[in-house]
Amino acid sequence: MRDLPKPQKTAEQMHEMREARWAPHRRRQAIKRIETKLGAANEIGRLTDRELFLVGVGLY
């Protein structure tokens, strides 16, 4: 068995393997990002147009 050549994987197969490996991590990150955005939106609440304008001017 040691003397037999290893089968070469195609670029497409390597890409699929890489995506399968990273998919759970990306899913967790997406869920975490959504939870963070929702938490921030709940904490801040609804901004009036004037408040939003003033925040934009402050950030500029």
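**Notebook: helix H1, its salt bridge and a nonpolar patch**

I began with the length of helix H1, which covers residues 11-44: at 1.5 Å a residue its 34 residues should span 50 Å, and since I find the end C-alpha atoms 47 Å apart, the two values agree. I note here that I am working from a predicted model.

I next followed the course of H1 and found that the helix bends by about 40° at Trp22, with a proline, Pro24, following within four residues. At the other end of my reading, I looked up what comes after the helix, and H1 is followed by Gly45, whose phi is positive, near 85°.

Which side chains meet in a salt bridge? I found that the structure holds 1 salt bridge, and that Arg26 and Glu19 form it through their side chains, at 2.7 Å from N to O. As a general reminder to myself, side chains of opposite charge can pair when their charged atoms come close.

I then checked how far each partner is covered. Arg26 has a relative accessibility of 45%, so I enter it as partly exposed, and Glu19, at 30%, also counts as partly exposed.

Last, I turned to the surface and asked which residues make the nonpolar patch. Ile44, Leu47 and Leu52 make this patch, and I note its area as about 290 Å². Of these residues I looked up Leu52 separately: it lies in helix H2, residues 49-59, and because its relative accessibility is 52%, where exposed means over 50%, I enter Leu52 as exposed.

Notes
Residues numbered from 1 in each chain as written. Predicted model: local features only at pLDDT ≥ 70, side-chain atom pairs only at ≥ 80, totals over all residues. Heavy atoms only, no water. Helix = DSSP H or I, 4+ residues; strand = E, 2+ residues; numbered from the N terminus. Expected span 1.5 Å × (residues − 1). Bend = angle between axes of the 7 residues up to and from the residue. Salt bridge = Lys/Arg side-chain N within 4 Å of Asp/Glu carboxyl O. Buried < 20%, exposed > 50% of the residue type's maximum accessible area, 1.4 Å probe, protein only. Patch = residues over 30% accessible without salt bridge, like charges linked within 9 Å, V, L, I, M, F, W, Y side chains within 5 Å. Areas by Shrake-Rupley, 256 points an atom, 1.4 Å probe, with all protein chains shown as cover.
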